[in-house]
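Here are my notes for a colleague who is opening this entry for the first time. Please read them with the sequence and the model side by side.

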Amino acid sequence: MLNVVIFGAPGSGKGTQSEKIVEKYGLYHISTGELLRKEIEAGSELGKVADGYISKGQLLPDAIIIKMLANLLDTIPETRNGVIFDGFPRTIPQAEALDTLLAERGTAVSAVIGLEVGEPELIDRLLKRGQVSGRSDDNLETIKKRLDVYHTQTTPLQNFYKESGRYRAIKGTGAVDAIFEAIARELSACL
Ligand code: ADP
């Protein structure tokens with residue numbers, strides 16, 4: 001069974017490549033950002049809390065996100081056949097919690113796919129996406145804040161996963177299909 005974390009800065013292509021990974025390996029896709037945006041749309045209590053953080057480019061508190069993840073793993077049977085985690089974990093406590101949650105369920109993270117893209121290209125992609133996405137966080141000020149948050153809170157995860165031999169660096173620039181081929185080579189080696 002494969003449990004994959006897709007890792008990278010905002011705009012690195014995690015969502016795009018996750019869709020292709022789902023198609024080829026039949027994994028269940030968990031995108032924390034997408035789930036939170038659905039909560040905002042639905043006007044739920046969680047959505048109201050999430051909106052305050054997301055529109056400022058800040059991360060939600062670890063406890064909220066970890067509880068959401070535990071709940072999904074418990075209530076969605078398909079997650080037992082393998083998951084692609086997109087946008088989670090984003091902090092060291094989240095990564096430690098993920099290891100514990102999976103260990104409790106008799107499984108583990110098989111590989112972490114790290115999409116590597118330079119900052120000017122990330123900003124360019126996010127601004128372009130902002131013209132069509134309608135996302136409250138795809139504007140220059142919030143994009144810069146999200147990249148700051150990524151550098152301070154999320155990049156330490158690279159070492160966390162490198163030290164345990166799970167990190168696979170992938171060049172995240174060029175054609176979408178060529179990037180996916182590089183990912184598939186890594187994932188097929190885990191099967
Ligand atoms: P991107 O990777 O392009 O920033 P996401 O859709 O993954 O987009 O996340 C959007 C926002 O949702 C984040 O900036 C953050 O506010 C919130 N969010 C998503 N996942 C998490 C998480 N694991 N922990 C805390 N906040 C999160």
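1. A polar side-chain atom of Thr32 lies 2.8 Å from a nitrogen atom of the ligand, a polar contact in the sense of a pair of N or O atoms within 3.5 Å. Two further side chains approach oxygen atoms of the ligand, each with a polar atom at 2.9 Å: one belongs to Lys14, and the other to Arg146. The protein covers 97% of the 550 Å² of accessible area that the ligand has on its own (Shrake-Rupley method, 1.4 Å probe).

2. This is a predicted model, in which local features need pLDDT of at least 70 and side-chain atom pairs count only at pLDDT 80 or more, while totals for chains, interfaces and linings use all residues. Residues are numbered from 1 along each chain as its sequence is written, and side-chain values use heavy atoms, with hydrogens and water left out.

3. Which residues surround the ligand most closely? Of the 19 that surround it (a heavy atom within 4 Å), the closest are Thr32, Arg37, Gln58, Gly87 and Arg146. Helix α2, residues 32-42, gives the most to this shell, with four residues (helices are DSSP runs of H or I, at least four residues). By class, the shell has seven nonpolar, five polar and seven charged residues, with Gly counted as polar.

4. The ligand sits in the largest pocket, meaning that more than half of its atoms lie within 2 Å of the grid points. A pocket here is an open set of points on a 1 Å grid over the protein atoms alone, where a 1.4 Å probe fits, with protein on both sides within 12 Å along at least five of seven lines. About 1,000 Å³ of space lies in this pocket, and of its 47 lining residues (an atom within 4 Å of a point), the closest to the centre are Pro10, Lys14, Arg90, Arg129 and Arg135.

5. A cis peptide bond joins Phe88 and Pro89, with omega about -5°.

Definitions and conventions. Polar contact = N/O pair within 3.5 Å; in protein donor to acceptor, adjacent residues only side chain to side chain. Helix = DSSP H or I, 4+ residues; strand = E, 2+ residues; numbered from the N terminus. Points joined across faces, edges and corners; volume = space filled by probe spheres on them.
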